Amino acid sequence: MSPPASVVLLISRGGTGVEASLGGIESAILQQAGDHPPQLLRFSLPAGQGVDAREALARVLSDLAMEGHASIGVTGLFVVPGHEYHVMRRTLRAACEAVPGIQVRVSPALLSTCASLEVVVKALLEGLPTERMPGEAVIFVGHGHRAGRCDLHYQALAHGLNQVDPDVHLACLGGGLSFTGLKSRLLSQGYRRAFLLPLMMSTASHARRDMAGPDPNSWQSRLEAVGMTCTPVFKGLGEYSGIAAWIAGQALKN
């Protein structure tokens, strides 16, 4: 009897809005794997953390163990190694304790190394909106953390983008790279139009509520209130071919 195919478990957070990113990453994995494709599985961590998430993940691992798998590659769809990434790792660790003999190998978050930072900078700049005209701003909107954890990761990416294209900016919903500072820079530089893109795997709630949309507190509404024309582009990070290829390579290296 031949051994079972290797397994790549893709873990996302929240469930909605990540389908396109997941699809891009899965396609890249299958392309790189060639004649020996792994079994691809998806798992969505529910909001918050607790027994339900651990038990659900333990059931997935238990089923895989019954199929003959002793080692599972896990790739989380997380941009930075922040709170949610470590929640995933804790949940995995607790789930593994309930399934004797199973081991998991976890890929790093996207912005974990200088090498991955260079890949992300290149991929984002290559994937800018084609309708953008010279001198128009592009704003990548990250999640961030209200206490500023992982600010350094976002600042490094912001610097890398801005060094290549001074009209490309990055700010976050939480943390030190704030909307207030971004708005001041945009106004001082006289931009009349800006493209808003999520620096997230998901194009759901944060992208459509906090970044764009009719709510007066959305970034789009607040920038339009000071005279800028804003064009939102709902494109998840997994839809950039260079980013999907990097994540795929890390997943298969596992």
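Contact here means heavy atoms within 4.5 Å, and helices (H or I, at least four residues) and strands (E, at least two) are DSSP runs numbered from the N terminus. Axes are lines fitted to C-alpha atoms, for helices over the stretch in contact, with angles running from 0 to 180 degrees between N-to-C directions.

Please keep in mind that this is a predicted model, in which local features need pLDDT of at least 70 and side-chain atom pairs count only at pLDDT 80 or more, while totals for chains, interfaces and linings use all residues. Residues are numbered from 1 along each chain as its sequence is written, and side-chain values use heavy atoms, with hydrogens and water left out.

Here are my points.

1. Helix H2 (residues 51-66) lies across S1, S2, strand S3 (71-76) and S4, and runs at about 170° to S2. Helix H1 (residues 19-33) lies across S1 and S2, at about 155° to S2.

2. The strands beneath these names form an open sheet of 4 strands, ordered S2-S1-S3-S4 with parallel pairing; two strands pair if DSSP finds at least two bridges between them. Its edge strands are S2 (39-45) and S4, each of which pairs on one side only. From one strand to the next, the twist averages 30°.

3. To follow one pairing in detail, take strand S1 (residues 7-13), which runs parallel to S2 and is joined to S2 by 7 bridges. Ser-12 has Ser-44 as its bridge partner in S2.

4. Ser-107 deserves a look on your screen. You will find Ser-107 in the loop between strand S4 (103-106) and helix H4 (114-126). Is Ser-107 buried or exposed? Ser-107 is buried, because its relative accessible area is 2% (buried means under 20% relative accessible area, exposed over 50%, partly exposed in between, with a 1.4 Å probe and protein chains only).

5. What surrounds Ser-107, leaving aside its neighbours within four places in sequence? Ser-107 is in contact with Val-74, Thr-75, Tyr-85, Gln-250, Ala-251 and Asn-254. For Gln-250, the backbone oxygen lies 3.5 Å from a polar atom of the Ser-107 side chain.

6. Now to strand S5 (residues 137-144). Of its 8 residues, 7 are buried, so S5 is largely enclosed by the rest of the structure. S5 pairs with strand S6 (residues 168-174) in the parallel sense over 6 bridges, and 5 bridges join S5 to strand S7 (residues 193-198), also parallel.

7. Val-141 is a handy residue for tracing both pairings. Val-141 stands opposite Ala-171 in S6, and its bridge partner in S7 is Pro-198. Gly-142 has Cys-172 as its bridge partner in S6. In S6 itself, 6 of the 7 residues are buried, so this strand is largely enclosed by the rest of the structure.

8. S5, helix H5 (residues 151-164) and S6 make a right-handed β-α-β unit. Right-handed means that, with the strands pointing away from the viewer, the path from the first strand over the helix to the second runs clockwise.

9. Finally, Cys-150 sits in the loop between S5 and H5. Its phi is near 75°, a positive value in a residue other than glycine. Cys-150 counts as buried, because its relative accessibility is 15%.

Technical notes. A polar contact is a pair of N or O atoms within 3.5 Å; within protein, one must be able to donate a hydrogen and the other to accept it, and residues adjacent in sequence count only if both atoms are side-chain atoms.
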